[in-house]
Amino acid sequence: MKLAAMAVRAAVGAAAIAAAAIAHADWAPTKTVDIIVHTGPGGGNDLLARAVVTMIEKEKLSPVRMQVINKPGGNGAVAAAAIYEKKDDPHTIGFITSVWIAGPLTTSEAKITVHDLKPIAGLILEPAVFAVRADSPFKTLKDFIEVAKAKPGTLKQSGGSVTSRDNIVRQSLQHATGAKWQFVSFQGGGERLAALLGGHVDIMVIEPQEAGEQVRAGKIRVIAQLTEKRLAGYPDAPTLKEAGYDVTTTPQIRAVVAPPQQPAEASAYYEKLFAKLKDTPSWKKYIHDNQLEEGFSTGPELKKTIGQIEKELREVYTQAGIKVVR
Amino acid sequence: MELLAGLLHGFQVALTPAALMMCVVGVVLGTVIGVLPGLGPSATIAMLLPLTFKLEPTGAMIMLAGIYYGAKYGGSTTSILLNVPGESSSVVTCIDGYQMARKGRAGPALGMAAIASFIAGTFGVVALMLVAPPLARLSLAFSAPEYFALMVLGLAMVVLLAGESLTKALLAMFVGLWIATMGTDLFSATSRFTFGQAELLGGIDFIIVAIGVFALGEVLGALEGEKPAEVLPVPKGWRNLMPTWDDMKRCRFAFVNGSLVGFFIGILPGAGSTIASFMSYGIEKGFSKHPEEFGHGAIEGVAAPEGANNAETGGALVPLLTLGIPGSNTTAILLAALVLWGFKPGPLFIQDSPELFWGLVASMYIGNVLLLILNLPLVAVFAQLLRIPGYMMYPLVLGVSIVGVYSVSSSMFHLYLLAGFGLLGYVMRKLDYPSAPLVLGLVLGDSMEKALRQSLMMSGGEISILFRPIPSVLLAFAALLLVVPLFKKFNAVRVQVIDKEA
């Protein structure tokens, strides 16, 4: 009797698995897919999402339309909550950045964090470079750090928020070398660059695409790269490791997440969709034009990356005396 | 000669049927989204960006720029007619524009807004064409200490925005400054006045406060009137719809002021059109022979800020096109658009892509003419809105305000905020507190605080950095602005005393 029941259960189980496998292969969205982003229209993540929508349309990868939904506010907290509320909706995904990991560490207001969402796929790694003005006396990062060691607190770096990567790499370098320099936060990327070009600060961390034209015009010089290996656009500037500084650089990621209980077959569909997207010519061109690094990873890999980034951020924040709330 | 050749080439590009078409589409779309409160040019451009991939880049840029400056034309419409600021740069237009409408001069106010926009907008393009590179270098000389002084000067203008009581104006301004501190602090990642709400981490959007305090406050105030809400007088006849020759003469200085202040503030990456419009309004009132008319429907109070926010467009394109530095949200999106189309915005952009630069400049001349032709007849149409009686008008204002705020963030929380600020506006009105200083404090407070802290971080805590040449001059002006009314008051008292003794 018992044996028969087990056999039945096993049979039902096998059937269920088979059914799931079929569904797995077959599921496709049947109505418009919402992509939730944490910036208003025109913000970095919003522009990426709109570009992705256009590429998916152009390459005919999706049977339905995709649309960008803006949920700005709270460094990702508002958007995270909006995705979380969708529970098991198969037609919602979200685009995250490293800000979603950094934000909750320093602000207690965020009830829902990136850990409450389902990781789908990693998309991009955003590289960055260290730049100085073309007429700066610092030819290498070492020159800069030596002066910062000899005269602590006199040199200045322009950057974003105190929790941003700009400051993280500064903290790590200071920690590793004993040098000290000022970090001046500016809200917008334009202001940061203007401060460097105007000679009001000595160094900045800048995106390679943004730096490229300034270098070509002879306005700034790139002295090091915050990358694993040298970028195609900057064959002559050493990576931090090559320059002799083996420090945490904490990758800046852009990735895809989904509501927490999204059915596995739907999540698998999106992971595959972005895996396909990354091999298209449109995507390659986008990465090249914006001088980004390919950063595709699967859901489980993304989960690991997020955990790793959070661990590094926590360490550096604590070192820097920034209050970590969770 | 090179300039003429460039411009000639530009007109050849901009006058092709396709480019002309894009220009028309851009400015019409710009006017429409300018009229709609909430929805601004940056959001519209971002949403249209994917469509432009299929277009030829010069035409696409002409269209997006048309949306950018077209919105500045449309922004004044609801400010004047409904006291609902259509764009953040048209908030200050509410002050005198709405009063003009209440006095039956909605037509001249709308007409003057279009004319001032045209004059200053065209000045902005001329200046962009002639002096872009040297001015771009000047804008780099501006850094945190200079911005701080500029913001202090702006705040000192509260004296000029005050009504009867300077004390009440200052109190309102401090509330504005307080609201400006809300959200996550950039320098320490600390939350300030968020009351545990994740929605407040990003601070409070200034346009929500402006719409709440101006528009909803007005509606609530009108609701409690015992007599049925007044129907605003509607001007009849073409002559009464347009500014008179006298109006034009009165606004001579406002045109110059708006053009220069707007363009100059525009080239500074850290300022913006809202600040430009406030500054030029303050200057206009400060130098006016009849400052007492401001706030009660002075036409210069419409001409100066509306001019300034249009000249600002030309100014803001200077650092974008000559240095590759975006100064505002909208220019940042234009920059992203250029990259997406395969251009390389930066110091060599004009040299590398003369066709796009000169085509854009030429199209802006054409666009401004088109906008004038488009907007003047619209005055007659919009002025008819005032025929609507209060029991329909006020719900309409309420609806427009709510839709405007919701369309930007699709957040219920922002609607609660809107309601809260509407109540605040009502209470302030009852107690005779002016609302403009509150909005001024909110606009300038955040930038001022950041600039001060950046300055001190740069100097390692040395306050002397605030007394470099440019900031010193600006701070001296601010001090003058604050002290002069005291002397006037003192003088008035002295005259009274002498009169009594005599």
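**Strands, domains and a chain contact in a predicted model**

Let me begin in the middle of a sheet, where strand β4 of chain A, residues 118-126, is joined to β10(A) by 7 bridges, the two strands running antiparallel. Strands here are DSSP runs of E with at least two residues, helices are runs of H or I with at least four, and both are numbered from the N terminus; two strands count as paired if DSSP finds at least two bridges between them. One of the partners in this pairing is K118(A), whose bridge partner in β10(A) is A258(A).

Before going on, I should say that this is a predicted model, in which local features need pLDDT of at least 70 and side-chain atom pairs count only at pLDDT 80 or more, while totals for chains, interfaces and linings use all residues. Residues are numbered from 1 along each chain as its sequence is written, and chains are lettered from A and ligands numbered from 1 in the order in which they are written.

Staying with β10(A), β3(A) is joined to it by 4 bridges, again antiparallel, and I96(A) stands opposite A255(A) of β10(A). Is β10(A) mostly covered or not? Of its 7 residues, 7 are buried, buried meaning that 20 or more other C-beta atoms, placed from the backbone, lie within 10 Å of the residue's own, with 12 or fewer counted as exposed and anything in between as partly exposed. In a regular strand the side chains alternate between the two faces of the sheet. Both faces of β10(A) are covered, with Q252(A), R254(A), V256(A) and A258(A) buried on one side and I253(A), A255(A) and V257(A) buried on the other.

Stepping back to the whole sheet, it is open, has 6 strands in the order β2-β1-β3-β10-β4-β11 of chain A, and shows mixed pairing. Its edge strands, each pairing on one side only, are β2 (66-70) and β11 (293-298) of chain A, and the twist from one strand to the next averages 20 degrees. Towards the β2 edge, β1 of chain A, residues 33-37, runs parallel to β2(A) and is joined to it by 5 bridges, with V33(A) opposite M66(A). Across β1, β3 (92-97) and β10 (252-258) of chain A lies helix α3, residues 77-84, at about 150 degrees to β1(A), where axes are lines fitted to C-alpha atoms, for helices over the stretch in contact, and angles run from 0 to 180 degrees between N-to-C directions.

Now the domains. An automatic or database assignment sets the bounds, giving chain A a domain 1 of 31-125 + 251-320 and a domain 2 of 129-225, with C-alpha centres 29 Å apart. In contact, meaning C-beta atoms placed from the backbone and within 7 Å, are 8 residues of domain 1 of chain A and 9 of domain 2 of chain A. On the domain 1 side, α4 (99-106) and α11 (299-320) of chain A each supply at least two residues, and the largest share, 3 residues, comes from α11(A).

Finally, how many residues does each chain bring to the contact between chains A and B? Chain A brings 48 and chain B brings 49. On the chain A side, α2 (44-58), α3, β7 (182-185), α7 (189-197) and α8 (208-216) each supply at least two residues.

Key. Contact = placed C-beta atoms within 7 Å.
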